[in-house]
Amino acid sequence: MTQKNSPILFTTKRPPIIFEKGEGMILWDTTGKAYLDFIGGWAVNSLGHCHSGLAEVIAKQAKTLINASPQFENKPMLEFAEALTKAADLEKVFFCSSGAEANESAIKCARKWGQKEKQGAYEIITFKHSFHGRTLATMSASGKEAFKPLFEPKVSGFKHAEWNDISSVKSLVTPQTCAIMFEPIQGEGGVHPIDEQFIKELKKLAENEKLLLIFDEIQTGIGRTGTLFCYEQFGVKPDIMTLGKGIGSGYPLAAMLCQQYLDIFEPGDQGGTYTAQPLGMAVGLYVLEQVNKPEFLLNVQKCGDLIKEKLEALSNIVKIKNIRGKGLLIGADFPEINTVDIVQKCLEKGFILNAPGLHTLRFIPPLIVTESAIEKGFSILEDVLKN
Ligand SMILES: *Cc1c(COP(=O)(O)O)cnc(C)c1O
C-alpha cells in the first residue's frame, strides 16, 4: 500500500517494508527477508526482540491483572517502585507510558517546587540540539532547530543554552530560574556527551543559585551507556531523573524519579489513566532485573568498545571523525559521505542502522548484541562503504 492511500495518518516517511516478526537481534518482513537490527526500536528493545523471559512475564501478568485503575495500588507497582528507586538511589517515582510524559512530569515537578520554594520561579534552562519529546511543553523544552517554527505559540519558560558551555548557562540564569534540564548524552541531536568538567560546573551553579538538576536519561538510562544510569559515571546525582525507552524493552513504559524533598504534588496535580498499570510494572521489574547484572552491563561495555574499534578500522576506507559515546550509544561523523544514503543501502542488504544527521551514524543496538552480530553488521557496512 502506498502511503497516500494508507489509513495511517502521515507523520513520517517510511520505506516500503512491513515487519512481521522478531527474535533477538533479527527482524523479519512479510516477504521473509531477515534484517540485523542495530536500532532496536530506537534504543528501546534492551533485551532484543521477543525475549522469551519477557514474553512469559507479559503472558503471566496478563492472565493475573492487566489494569486495576490508577486509583488503587497493585502488587507489581509496589515491587517495581521498590526495586527502581533503590537501584537509582532516588526515593520517589511516578510511572507513566512515554518519555515525553515523564519529562512533562519533571517540568511540572520543577515548576511546583519553584512555586513553593523559590518565589514562583518557573524558567528551565535546556540546551541547543537537545531532544525531550513531542508534547507541546517538551517540544518547547527541546533545542531542536526544526522545532523552532512549529506549533506557535510555544509553552513559555524555556531558555536554550549552548551545550557544554557554562558561561552560556550562567548568562541565562535569572531569579525566575528553577531548573536545568539535560541529556547526559544528547541522543537525537547526534550523540554528543556532556563534558565531565561541565557537569561538575552545572552542579556547582545549581548549588549556588538554588536550581534543580533534571537528568533526561530516557535514552541513556537502563544500561544503555554501560552502567545502569549514565549519571553514575559523573558522581553528580540528579534531583529529578526521567526514564523511558529501554525501561520497557518495547513495552510503553516511562518513569520520573526524584529525591524525597520533591515529593510535593498534591492530589490532582499529576496523574494519568495508565500510571503504574500492573502489566507495565511487571515488564519494568523484569527488564530492570535482567539489565542490572554485572555480566549484562559488561557485555554492553565490551560490545560498545568493539563497535568503536570497528569504526576506527573503517577509517582505512573512508574519512571518519569524532567516534564518540558511551556503552551502546555511539556516534561517528563521516564528513565526506551522505550517511542517509549509507543507511538506505545497508537496509537493502538487511542491516538496520540510523543516521541522526546527513554525515553522522548512530549505533544503538539492543543491549544483548553479540560480537558476532557486530562482525556481521560491520561487514555489510564495509561492503556498502567500499562501493
Ligand atoms: C526518545 C526521547 C524522549 C521522548 O520519549 P517518547 O517516549 O518518544 O515520548 C525524550 N528524551 C530523550 C532524551 C529521548 O531520547
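The following paragraphs go through two helix packings, the surroundings of the ligand and two backbone features of this structure, which is a predicted model.

Two packed helices are described by the angle between their axes and the distance between the axes. Helix H8, which spans residues 278-291, packs against helix H2, residues 52-64, at an angle of about 150°, and the two axes are 9 Å apart. Because angles over 145 degrees count as roughly antiparallel, H2 is roughly antiparallel to H8, and the crossing of this pair is right-handed. On the side of H2, the contact is made by Gly53, Leu54, Val57, Ile58, Gln61 and Ala62, while H8 contributes Pro278, Leu279, Ala282, Val283, Tyr286 and Val287. Sorted by class, these residues of the contact of H2 with H8 comprise 10 nonpolar and two polar ones, with no charged residue.

Helix H8 also packs against helix H3, residues 75-88, here at an angle of about 35° and with the axes 8 Å apart. The crossing of H3 and H8 is left-handed, whereas that of H2 and H8 is right-handed. From H3, the residues Pro76, Met77, Glu79, Phe80, Ala83, Leu84 and Ala87 meet Pro278, Met281, Ala282, Gly284, Leu285 and Leu288 of H8. This contact of H3 with H8 divides into 11 nonpolar residues, one polar residue and one charged residue. Pro278 and Ala282 of H8 thus appear in the contact with H2 and again in the contact with H3.

Between H2 and H3 runs a loop in which Ser69 has its place, and the backbone of Ser69 has a positive phi of about 90°, although this residue is not a glycine. A second backbone feature is found in the loop between helix H5 (136-141) and strand S6 (158-161), where Pro153 lies; the peptide bond that leads from Glu152 to Pro153 is cis, with omega near -5°.

Turning to the ligand, the residues that surround it are Ser98, Gly99, Ala100, Asn103, Phe131, His132, Gly133, Glu183, Asp216, Ile218, Gln219 and Lys245. Among them, Ala100 places a polar backbone atom 2.7 Å from an oxygen atom of the ligand, and Phe131 has a polar backbone atom 3.2 Å from a nitrogen atom of the ligand. For Asp216, by contrast, the atom concerned belongs to the side chain: a polar side-chain atom of this residue lies 2.8 Å from a nitrogen atom of the ligand.

Notes. Residues are numbered from 1 along each chain as its sequence is written. This is a predicted model: local features need pLDDT of at least 70, side-chain atom pairs count only at pLDDT 80 or more; totals for chains, interfaces and linings use all residues. Side-chain values use heavy atoms; hydrogens and water are left out. Axes are lines fitted to C-alpha atoms, for helices over the stretch in contact, and angles run from 0 to 180 degrees between N-to-C directions. Helices (H or I, at least four residues) and strands (E, at least two) are DSSP runs, numbered from the N terminus. Angles under 35 degrees count as roughly parallel, over 145 as roughly antiparallel, 65 to 115 as roughly perpendicular and the rest as oblique. A crossing is left-handed if the near helix is turned anticlockwise from the far one by less than a right angle, and right-handed if clockwise. Contact means heavy atoms within 4.5 Å. Ala, Val, Leu, Ile, Met, Phe, Trp, Tyr, Cys and Pro count as nonpolar, Asp, Glu, Lys and Arg as charged, and the others, Gly among them, as polar. A residue is near a molecule or strand if one of its heavy atoms lies within 4 Å of it. A polar contact is a pair of N or O atoms within 3.5 Å; within protein, one must be able to donate a hydrogen and the other to accept it, and residues adjacent in sequence count only if both atoms are side-chain atoms.
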